[in-house]
Amino acid sequence: IRRGFSSSIIKNGVIKNVTIIGGGQMGAGIAQVAASTGHTVTLVDTSEDILKKSRKGIEGSLKRVVKKKFADKPEAGEEFIQNVLQNVSISTDAGASVQAADLLLEAIVENLKVKQDLFALPPVSLNTSSLPITDIAGSTSRLDRFGGLHFFNPVPMMKLVEVVGTSTTSQETFDSLLNFSKALGKTPVSCKDTPGFIVNRLLVPYMMEALRLHERGHGSKEDIDIAMKLGAGYPMGPFELCDYVGLDTVKFIIDGWSAKDPHNPLFASSELLNKLVAEGKYGKKTGEGFYKYK
Ligand code: NAI
């Protein structure tokens with residue numbers, strides 16, 4: 001499956017071989033960016049079928065990149081795609097794939113138990129939107145080598161990576177993760193392991209307050225969206241953003257935070273959000289959320 005090259009974050013600090021567990025939206029995006037910047041990537045998921053789809057997705061996304069980047073040189077563009085794809089191998093065997101990795105990066109479902117089970121394996125980083133990474137780290141014996149890398153969707157487009165250190169992450173591991181993010185062409189920011197890190201801690205309460213403002217009858221969703229786009233310069237209004245992120249995801253995050261800190265008014269739930277989620281209206285991905293999509 002892969003070349004027999006092994007080193008660790010601690011040994012030389014440079015991350016070259018990356019194993020990504022979870023070939024969904026985020027995992028495939030991270031794989032594409034890592035492979036495009038000269039890293040060797042092994043993408044792991046539960047079935048060959050899922051992995052083939054991930055590869056197809058990466059290829060499709062690369063074609064879009066190449067159309068812009070190599071507009072006048074289609075041959076160079078095709079060569080670039082082939083080189084990048086060569087850097088990506090796929091596997092359903094997480095245990096074997098981890099052996100040669102400098103970095104094990106997890107991007108599976110937002111479920112603490114499933115994530116914990118995975119981290120019986122060693123060196124690590126993970127992509128979670130809302131779970132405290134310290135809770136997940138509980139299942140690994142290499143706490144000094146454990147940290148968080150929070151990417152944003154779509155990964156090839158979004159420049160930010162939140163690098164999260166826990167109280168046990170070593171400086172060396174943290175620096176490796178910062179440097180790895182830079183090597184991917186991203187801009188890293190340093191975060192503590194607090195709910196939502198920086199971006200979601202500010203963004204999710206903001207979206208929830210927009211919902212509550214609307215529920216109080218103080219503005220239509222259309223007007224609130226227009227107001228935040230034209231008045232605050234946001235590319236999307238809060239309702240559009242909720243539909244884009246997925247209402248189920250927003251609810252999952254806010255419910256999780258509220259369970260831990262029930263008296264925090266910033267984490268209060270919204271009837272409207274709960275109703276739409278109960279009806280299966282999750283936003284863009286289901287064709288309807290606050291707005292309807294074709
Ligand atoms: P997704 O549902 O598209 O992909 C998850 C993948 O993990 C699936 O292909 C699934 O088959 C695989 N998987 C599940 N359990 C597995 C296991 N035990 N071993 C191997 N593969 C397994 O999810 P998505 O959107 O890529 O999100 C992944 C993680 O990233 C979640 O924790 C999410 O909260 C976080 N995240 C998501 C963002 C987003 O905007 N979608 C942004 C930033 C973080």
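Colleague: Where two helices pack, how does one read their orientation, and are α10 and α11 roughly parallel or roughly perpendicular to each other?

Modeller: α10 and α11 are roughly perpendicular to each other, because angles of 65 to 115 degrees fall in that class and these two helices pack at an angle of about 100 degrees, with their axes 7 Å apart. Please keep in mind throughout that this is a predicted model.

Colleague: Which residues of α10 and α11 make the contact?

Modeller: On the α10 side the contact is made by K221, I224, D225 and M228, and on the α11 side by P238, F239 and E240. I224, which is found in α10, residues 221–232, makes a convenient example, since the C-alpha atoms of I224 and F239 are separated by 8.0 Å while the two residues stand 15 apart along the chain.

Colleague: What else does I224 touch, not counting residues up to four places away in sequence, and is I224 buried or partly exposed?

Modeller: Besides G237, P238 and F239, I224 touches A210, L213, H214 and G219. For burial one counts the other C-beta atoms within 10 Å, and the class of buried needs 20 or more; I224 has 19 such neighbours and therefore counts as partly exposed.

Colleague: How does the packing of α2 and α3 read by the approach used for the earlier pair, and at what angle do they pack?

Modeller: α2 and α3 pack at an angle of about 55 degrees, with their axes 10 Å apart, which makes α2 oblique to α3. The crossing of these two helices is right-handed, and A28, A31 and Q32 in α2 meet S54, G57, I58, S61 and L62 in α3.

Colleague: S61 appears in that list; what annotation covers S61, and what are its contacts beyond four places in sequence?

Modeller: According to UniProt, in an unreviewed entry, the annotation "binding site" covers S61 together with K68 and S129. S61 lies in helix α3 and, leaving out residues up to four places away in sequence, touches Q32 and P156. With 19 C-beta neighbours inside 10 Å, S61 counts as partly exposed.

Colleague: Turning to the interior, which residues touch the most other members of the largest nonpolar core?

Modeller: That core has 37 residues, and V18, I20, I30, A31, A34, V41 and L105 are the ones that touch the most other members. At least two residues of this core come from each of β1 (17–21), α2 (25–36), β2 (40–44), α3 (48–69), β4 (103–106), β7 (160–165) and α8 (171–183), and the largest share, seven residues, is supplied by α2. A second, separate core of 20 residues includes M207, C242, L247 and Y282. For the protein as a whole, 39% of the 294 residues count as buried.

Colleague: What does UniProt place at residues 196–293, and what share of that span is helix?

Modeller: In the unreviewed UniProt entry, the feature "domain: 3-hydroxyacyl-CoA dehydrogenase C-terminal" is placed at residues 196–293. In the model this span is 60% helix and 0% strand, and its end C-alpha atoms lie 28 Å apart. The protein itself has 13 helices and eight strands.

Colleague: Within α13, where L276 lies, is that residue buried or exposed?

Modeller: L276, in the helix that runs over residues 271–278, counts as buried because it has 23 C-beta neighbours inside 10 Å. Leaving aside its neighbours within four places in sequence, L276 is in contact with L247, K281 and G289. By contrast, the C-alpha atoms of L276 and K182 are separated by 39 Å, the two residues being 94 apart along the chain.

Colleague: Backbone geometry also deserves a check; which peptide bond is cis, from N153 to what residue, and what is the phi of F197?

Modeller: The peptide bond from N153 to P154 is cis, with omega near -5 degrees, and P154 has its place in the loop between β6 (146–150) and β7. F197, although not a glycine, has a positive phi of about 50 degrees; this residue is found in the loop between β8 (187–192) and α9 (199–215), and F197 is buried, with 22 other C-beta atoms within 10 Å.

Definitions and conventions: Residues are numbered from 1 along each chain as its sequence is written. This is a predicted model: local features need pLDDT of at least 70, side-chain atom pairs count only at pLDDT 80 or more; totals for chains, interfaces and linings use all residues. Helices (H or I, at least four residues) and strands (E, at least two) are DSSP runs, numbered from the N terminus. A residue is buried if 20 or more other C-beta atoms lie within 10 Å of its own, exposed if 12 or fewer, and partly exposed in between; C-beta atoms are placed from the backbone. Two residues are in contact if their C-beta atoms, placed from the backbone, lie within 7 Å. A nonpolar core is a set of buried Ala, Val, Leu, Ile, Met, Phe, Trp, Tyr and Cys residues joined through C-beta atoms within 7 Å. UniProt positions are given in the numbering used here, feature names are shortened, and annotations may be inferred rather than shown by experiment. Axes are lines fitted to C-alpha atoms, for helices over the stretch in contact, and angles run from 0 to 180 degrees between N-to-C directions. Angles under 35 degrees count as roughly parallel, over 145 as roughly antiparallel, 65 to 115 as roughly perpendicular and the rest as oblique. A crossing is left-handed if the near helix is turned anticlockwise from the far one by less than a right angle, and right-handed if clockwise.
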